Amino acid sequence: MTSTFEQEVKQGDRFQFGKNWQRFLSVLNDERIAEAQKSLKQMLQVEDLQGKTFLDIGSGSGLFSLAARRLGAKVHSFDYDPDSVGCTQELKRRYFPDDNNWIIERGSVLDADYLKSLGKFDIVYSWGVLHHTGAMWQAIENVTLPVAEQGRLFIAIYNEQGGKSKRWRRIKQLYCSGIAGKTLVSTLFIPYFILGGLAVDILKARNPIARYTEYKKTRGMSIVYDWFDWLGGYPFEVAKPEEIFKFYRNKNLVLENLLTCGGSLGNNQFVFKK
């Protein structure tokens, strides 16, 4: 699996999310972890996860596995990107060393047999992952496999925006094509993000620094590392909220909570109950 991943990166078919998450861990602190816990509680509409089992599909930085573990869940984390697996292991080392209630391993959401081997979980969580697999609808189907009866599925999928989504897909593909593409895209868009945000803040008479200091309230994330995650995030697929809703309704999953991105380029978040 490792050689396949490395080959995909070399061929320009995949962004190294784990490398970006490694840099994100340098700014991770208790405040960001608390925001991650808060967002989990809000979307799942719970006070804690005591006595629950939690499967983190595409654990990335490991932040939400850590948040679930701190809320009391027994956690199983996996990711396709070996560097993301390393990030999750690093957070376990920092906060829950030698903990038997947090398992971390490498795996693919596209491997149905692997998912079946994990058993059933009260909460299956996959935030902003399935649209980066290269086979989004297969991944969207596979994540139902480990959901226990009366269990919950919490996913986030990029919003469909027609031509704008197609243009971003080409930009991300260029970013991953090699050092020249990465440099070109970063040189064009990072200043655009900085100056665009500054212009909006000036027009609305807002403190431009707050854009950066307050961003951590968005699930504990960092605006700078999210920029690179967005620019390089390839493979890239999208879906309309109604498409996700209809797909799971046909599998008898009931929508319990929904948070859309308001028609923008971001993620729509869904919580379904089996």
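Gln 150 is found in strand β5, which covers residues 147-158. The structure is a predicted model. This briefing covers two residues with positive phi, one cis peptide bond and one pocket.

**Backbone: positive phi**
- Phi of Gln 150 is near 70°, a positive value in a residue other than glycine.
- Gln 150 has a relative accessible area of 52%, and the cut-off for exposed is over 50%, so Gln 150 counts as exposed.
- Asn 252, which is not a glycine either, has a positive phi of about 65°.
- Asn 252 sits in the loop that runs between α12 and β6 (254-259).
- The relative accessibility of Asn 252 is 65%, so this residue is also exposed.

**Backbone: cis peptide bond**
- The peptide bond from Tyr 234 to Pro 235 is cis, and its omega is near 5°.
- Pro 235 belongs to the loop between α11 and α12 (241-249).

**Second largest pocket**
- The second largest pocket holds about 270 Å³ of space.
- Its lining has 14 residues, and those closest to the pocket centre are Val 9, Phe 15, Gln 16, Tyr 175 and Lys 182.
- Three helices, α2 (17-24), α9 (179-203) and α11 (223-232), each give at least two residues to this lining.
- Helix α2 provides the largest share of the lining, with three residues.
- By residue class, the lining of the second largest pocket consists of seven nonpolar, three polar and four charged residues.

Conventions
Residues are numbered from 1 along each chain as its sequence is written. This is a predicted model: local features need pLDDT of at least 70, side-chain atom pairs count only at pLDDT 80 or more; totals for chains, interfaces and linings use all residues. Side-chain values use heavy atoms; hydrogens and water are left out. On a 1 Å grid over the protein atoms alone, a cavity is a set of points where a 1.4 Å probe fits but cannot get out, and a pocket is an open set with protein on both sides within 12 Å along at least five of seven lines; lining residues have an atom within 4 Å of a point. Grid points are joined across faces, edges and corners, and a volume is the space filled by probe spheres set on the points. Helices (H or I, at least four residues) and strands (E, at least two) are DSSP runs, numbered from the N terminus. Ala, Val, Leu, Ile, Met, Phe, Trp, Tyr, Cys and Pro count as nonpolar, Asp, Glu, Lys and Arg as charged, and the others, Gly among them, as polar. Buried means under 20% relative accessible area, exposed over 50%, partly exposed in between (1.4 Å probe, protein chains only).
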